[in-house]
Amino acid sequence: MATRQDILALKKSYQEALANQLVTAVIILNSNLDIVYVNPAAEALLIKSLAKLYGRPASTIFANTTITDSRLTQLLDSGQELTDSEVVIEFTESHRFTAEITASSVEFNQVAHVLLELKQIDQQKQISLEVFQQQQWLAARDLIKGLAHEIKNPLGGLRGAAQLLNKELNETQQEYTAMIIEQADRLTNLVDRLLGPNQLPQIQQHNVHSVLEKVCQVVSFSQLHESKIIRDYDPSIPLIECDQEKLQQAVLNIVNNAIQAINDEHTITLKTRIANNKTINGKRVKLTAQISIIDNGPGIPPHIQDTLFYPMVSGNSNGTGLGLSISQTLINQHQGKLSCHSRPGHTEFIILLPLQQKTEH
Ligand SMILES: Nc1ncnc2c1ncn2[C@@H]1O[C@H](COP(=O)(O)OP(=O)(O)OP(=O)(O)O)[C@@H](O)[C@H]1O
Ligand SMILES: [Mg+2]
């Protein structure tokens with residue numbers, strides 16, 4: 001007959017074996033929110049051993065995420081479980097992943113601890129989501145383009161008629177036709193932006209840094225002090241195949257948004273790197289040039305994050321919401337990808353441009 005002690009020992013060894021075999025990453029924090037345990041799945045996901053993590057604060061893993069100390073403390077007090085579905089954990093530029101995280105309170109030796117379960121979001125799922133969003137974006141853009149086209153034709157007629165009428169009227173009455181012409185021109189301008197870039201890119205080999213320097217020149221002339229821009233360039237990036245003007249415009253729209261979002265204490269960083277094995281529209285590209293435009297401003301308003309690249313989505317009361325949609329079109333014309341990660345204090349737009357035109361599945 002097994003004694004009660006035998007059963008307890010058996011139970012303990014089963015529990016240990018179970019924790020070691022779990023595919024879900026498990027992290028346990030003590031009541032001070034220090035890490036006291038990570039299972040092997042968590043060690044693999046975090047690429048850090050228990051020995052390295054033991055005793056470190058939870059923020060070692062969850063800094064800059066929604067899993068904040070105050071929420072975890074609240075969880076310890078209330079015992080109420082929390083689940084966040086898309087938490088981006090970022091250790092380094094190349095070690096970043098998205099996970100679904102559930103946190104609950106458990107008792108060990110009569111002391112409340114936090115049990116965290118992390119499920120990495122499948123990369124394939126992430127890719128299909130990206131492809132789906134791209135399709136949605138194309139549909140929204142086509143709808144707007146169609147509408148813009150329909151507005152543009154009668155607008156031309158309206159302006160022409162006002163011009164003819166202008167000749168028939170006396171000076172006071174001409175004020176009215178002048179106003180019609182002026183407003184029609186304003187609308188034509190808007191409609192042209194809605195229609196987006198309509199010429200095919202003129203592809204040539206260019207140095208990516210000279211494109212970025214041109215953007216810096218343009219913004220420093222207009223609105224920004226040069227010292228606000230930090231350059232973090234990788235000089236080993238080979239020449240890229242692009243339409244210089246179009247790429248410049250794409251970056252300029254992003255930099256302009258950053259300028260509008262930041263104040264005197266913030267900065268904008270332009271960073272370039274070579275990146276390997278990236279997926280662009282569901283296809284794997286071996287070698288890409290990566291341009292990041294980073295600012296440490298307040299971040300993208302959460303309510304527009306999911307539809308950020310759609311035409312006419314704006315967080316500014318006087319914005320038309322076309323800048324990013326146009327940048328997206330321009331980057332697409334280069335078979336590239338434009339994406340964004342944003343949280344308060346760190347907004348990063350990433351442009352990926354294939355360095356080898358050949359792509360593989
Ligand atoms: N770096 C950033 N920081 C904070 N918010 C940003 C940043 N970049 C973009 N945004 C938000 O995204 C919105 C959409 O940008 P987009 O360039 O498409 O349109 P817009 O700037 O409002 O208008 P337009 O560029 O047509 O004049 C902005 O209104 C702003 O709310
Ligand atoms: Mg803009």
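This passage describes the domain layout, one domain interface and the ligand site of a predicted model.

The chain is divided by its domain assignment into three parts: domain 1 spans residues 4–121, domain 2 covers 125–195, and domain 3 runs from 204 to 354. The centres of domain 1 and domain 3, calculated over C-alpha atoms, lie 35 Å apart.

Contact between domain 1 and domain 3 involves four residues of the former and five residues of the latter. The size of an interface is often expressed as the accessible area that is lost when the parts come together. For domain 1 and domain 3, about 450 Å² is buried between them, and carbon and sulfur atoms account for 31% of this area. One salt bridge is found across the interface of these two domains. A salt bridge is formed by R343 and E90, with a separation of 3.7 Å between the closest N and O atoms. On the side of domain 1 that touches domain 3, three residues are charged and one is polar, while none is nonpolar. One residue pair in polar contact is also found across the interface of domain 1 and domain 3.

Ligand 1 is surrounded by 23 residues, of which N257, D295, S314, G315 and T320 are the closest. Two of the polar approaches to the ligand come from side chains: a polar atom of the N257 side chain is 2.8 Å from an oxygen atom of ligand 1, and a polar atom of the D295 side chain is 2.8 Å from a nitrogen atom of ligand 1. The backbone also takes part, with a polar backbone atom of G321 placed 3.0 Å from an oxygen atom of ligand 1. Ligand 1 exposes 600 Å² when taken alone, and 91% of that area is buried by the protein.

Conventions
Residues are numbered from 1 along each chain as its sequence is written. Chains are lettered from A and ligands numbered from 1 in the order in which they are written. This is a predicted model: local features need pLDDT of at least 70, side-chain atom pairs count only at pLDDT 80 or more; totals for chains, interfaces and linings use all residues. Side-chain values use heavy atoms; hydrogens and water are left out. Domain bounds come from an automatic or database domain assignment. Contact means heavy atoms within 4.5 Å. Buried area is the accessible area (1.4 Å probe) that two parts lose on being put together, summed over both. A salt bridge is a side-chain nitrogen of Lys or Arg within 4 Å of a carboxyl oxygen of Asp or Glu. A polar contact is a pair of N or O atoms within 3.5 Å; within protein, one must be able to donate a hydrogen and the other to accept it, and residues adjacent in sequence count only if both atoms are side-chain atoms. Ala, Val, Leu, Ile, Met, Phe, Trp, Tyr, Cys and Pro count as nonpolar, Asp, Glu, Lys and Arg as charged, and the others, Gly among them, as polar. A residue is near a molecule or strand if one of its heavy atoms lies within 4 Å of it. Accessible areas come from the Shrake-Rupley method with a 1.4 Å probe; for residues, only the protein chains shown count as cover.
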